[in-house]
Amino acid sequence: MIEKTPLENWIREKITGEPTVFNRQILERYQLNRIRYTVAYAKRNSRYYQQKLSHIEPEDIKTLDDIRLMPWTTEEDLRSEGHRMICVTQDDISRIVTLQTSGTTGQPKRICFTQDDQELTTDFFHIGMSTFTNPGDQVLVLLPGASPGSIGDLLKKALSRMNAETLVYGVVDDTAQVENLLVNRRINVIVGIPQQLLALAKGEHAAFIRQKGTLHSALLSTDYVSSGVKRTIEENWGCRVFQHYGMTEMGLGGGVECHGFQGYHLREADLFVEIIDPLTGVSLGDGEWGEVVFTTLTRRGMPLIRYRTGDLSRLLTTPCTCGTILKTLDKIQCRLRSSVKLSNGSKLTMSDLEEVIFGIDHVTDFDARIHTTDEGERLVIGVGGKTAGADMYQQLYRAFDESHLAPSLESANLAISFERQKPAELDGKAIYKRRIIDLRRQPMRSGF
Ligand SMILES: [Zn+2]
């Protein structure tokens with residue numbers, strides 16, 4: 001029998017205040033009330049939502065499905081209007097996270113948190129980590145932790161609540177030093193970015209660490225991990241690998257796997273998660289693949305209503321083997337982006353690509369995916385059209401070579417290849433179109 005995710009009891013106590021009967025109906029009634037509350041709160045305290053939700057009153061939201069009456073919030077909105085979304089005074093803000101990510105306006109995203117917003121995250125980290133961390137364990141955190149409120153700092157605070165000892169090293173800059181820690185100290189749990197843990201697990205001391213047998217769990221903080229990465233870490237270190245899904249906009253933490261390893265159990269007292277069709281925006285049912293959208297239910301500094309993550313996943317229809325009533329979000333398949341940042345810092349947008357590709361005769365459609373190879377980053381463009389032949393590919397190569405994009409693509413060392421467009425669909429739906437599918441292995445957006 002698999003141990004039930006500790007998140008369920010935690011959420012039940014948060015919602016009902018006592019260990020009483022708990023079911024989805026109770027949880028969903030709570031979520032509905034919190035959505036109404038959030039709408040009223042955001043309209044009252046932020047100029048942005050006052051304007052954006054002028055047509056909606058909290059009482060118009062009668063069921064959870066009515067959340068669809070509200071427009072979504074995009075990354076671009078956050079970038080350009082973020083300062084107008086803040087619901088508290090400057091004095092109440094205890095942490096501002098600035099994210100320099102790809103985008104078209106060039107402005108960074110800024111997300112503000114109050115002390116109590118951060119406490120909610122610490123509390124989630126505490127319970128989430130307890131899924132695989134025992135009291136007395138030593139935890140090595142390979143994530144940034146120098147500043148107060150950073151992910152490493154909150155994790156340390158969270159773990160001290162279960163009497164685990166935490167060593168926050170930061171992002172790995174010296175592999176030998178970290179290997180030394182793993183060899184010489186009793187490290188039971190390790191938390192980090194997938195490719196950094198992978199590099200360590202492939203290191204020369206991996207066999208010794210495995211033999212030593214103290215390291216029992218690893219947590220990958222990410223939104224996209226290939227099964228190969230997970231398997232290599234598990235085999236080389238002889239430990240279990242859990243995954244966490246989160247992003248700064250979610251308040252760093254979003255969901256974590258249980259011992260059933262079927263997907264992420266969500267922080268449902270603090271977040272309401274839906275899946276929408278990324279092309280049409282239509283809400284999708286459980287089991288259907290689409291874009292993850294969330295609404296914060298308890299955030300005070302900067303609530304987000306129907307925030308589009310760009311992450312592609314689905315809510316599972318089959319209950320987790322741990323027996324929880326909580327929803328399970330499947331592993332993120334990829335990220336859908338209107339632009340991506342290349343290794344040299346330059347930006348590649350969908351419209352850049354359209355300009356070059358649609359200049360070629362007979363090309364009527366394409367999709368684009370970027371991924372990491374051993375040699376660097378590679379952009380694969382799938383081209384559709386009546387006469388997709390060798391001649392068309394030659395024209396495409398030439399068009400890229402002669403385009404204004406050429407110098408920046410070259411300095412970014414981005415390899416480009418073309419292929420015949422495979423139906424750009426998942427589960428029978430064309431959902432990739434007009435977005436770049438980002439499959440790169442990179443540090444994710446949780447808390448940097
Ligand atoms: Zn479970």
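This briefing covers the overall build of the chain, its zinc site and a set of individual residues. The model is predicted. The chain has 448 residues, of which 55% count as buried, and its secondary structure comes to 13 helices and 22 strands. The radius of gyration is 23 Å, close to the 22 Å that the globule rule gives for this length, so the chain is as compact as a globular protein of 448 residues. A zinc ion is coordinated by Cys258, His265, Cys320 and Cys322.

**Overall build**

- Taken along the principal axes, the box filled by the C-alpha atoms of the chain is roughly 70 × 60 × 45 Å.
- The chain has an accessible surface of about 18,600 Å², and carbon and sulfur atoms make up 47% of that surface.
- Among contacts in the chain with a separation of 6 or more, 68% are between residues 24 or more positions apart.

**Domains**

- The domain assignment gives domain 1 as two stretches, 6-118 and 262-329.
- In the same assignment, domain 2 covers 132-256 and domain 3 covers 336-438.
- Between the C-alpha centres of domain 2 and domain 3 the distance is 35 Å.

**Zinc site**

- The donor atoms are SG of Cys258, NE2 of His265, SG of Cys320 and SG of Cys322, at 2.0 to 2.4 Å from the zinc ion.
- The angles among the four donor atoms run from 103 to 114 degrees, and the site is tetrahedral.
- The spacing of the donor residues in sequence is C-x6-H-x54-C-x1-C.
- Two of the donor residues, Cys320 and Cys322, are buried.
- Thr5 touches three of the zinc donor residues, Cys258, His265 and Cys322.
- Apart from residues up to four places away in sequence, Thr5 also touches Thr324 and Leu326.
- Thr5 lies in the segment before helix H1 (6-16), and with a relative accessibility of 3% it counts as buried.

**Helix H11**

- Helix H11 spans residues 350-357, and six of its eight residues are buried, so the helix is largely enclosed by the rest of the structure.
- The buried residues of H11 are Met350, Asp352, Leu353, Glu354, Val356 and Ile357.

**Non-glycine residues with positive phi**

- Arg306 is not a glycine, yet its phi is positive at about 55 degrees.
- The loop that holds Arg306 runs between strand E11 (290-296) and strand E12 (307-313).
- Arg306 has 2% relative accessibility and counts as buried.
- Asn413, likewise not a glycine, has a positive phi of about 55 degrees.
- Asn413 sits in the loop between helix H13 (406-411) and strand E19 (415-420).
- Relative accessibility is 52% for Asn413, so this residue counts as exposed, the cut-off being over 50%.

**Asp286 and its contacts**

- Asp286 is placed in the loop between strand E10 (271-276) and E11.
- With a relative accessible area of 39%, Asp286 is partly exposed.
- Asp286 and Leu315 are separated by 29 residues in sequence, while their C-alpha atoms are 5.0 Å apart in space.
- Besides neighbours within four places in sequence, Asp286 is in contact with Leu315, Thr317 and Lys327.

**Other buried residues**

- Met247 belongs to the loop between strand E7 (240-245) and strand E8 (255-256).
- The relative accessible area of Met247 is 0%, and the residue is buried.
- From Met247 to Arg29 the C-alpha distance is 26 Å, with the two residues 218 apart along the chain.
- Arg440 is in the segment after strand E22 (436-438).
- Arg440 counts as buried, at 3% relative accessibility.
- Arg440 and Thr318 are 122 residues apart along the chain, and 29 Å separates their C-alpha atoms.

Note on methods: Residues numbered from 1 in each chain as written. Predicted model: local features only at pLDDT ≥ 70, side-chain atom pairs only at ≥ 80, totals over all residues. Heavy atoms only, no water. Donors = N, O, S within 2.8 Å, 3.2 Å for Na, K, Ca; no water. Tetrahedral: all angles 85-135°; square planar, octahedral: opposite > 155°, others 65-115°. Buried < 20%, exposed > 50% of the residue type's maximum accessible area, 1.4 Å probe, protein only. Helix = DSSP H or I, 4+ residues; strand = E, 2+ residues; numbered from the N terminus. Rg over C-alpha atoms; globule rule 2.2 N^0.38 Å. Contact = heavy atoms within 4.5 Å. Areas by Shrake-Rupley, 256 points an atom, 1.4 Å probe, with all protein chains shown as cover. Domains from an automatic or database assignment.
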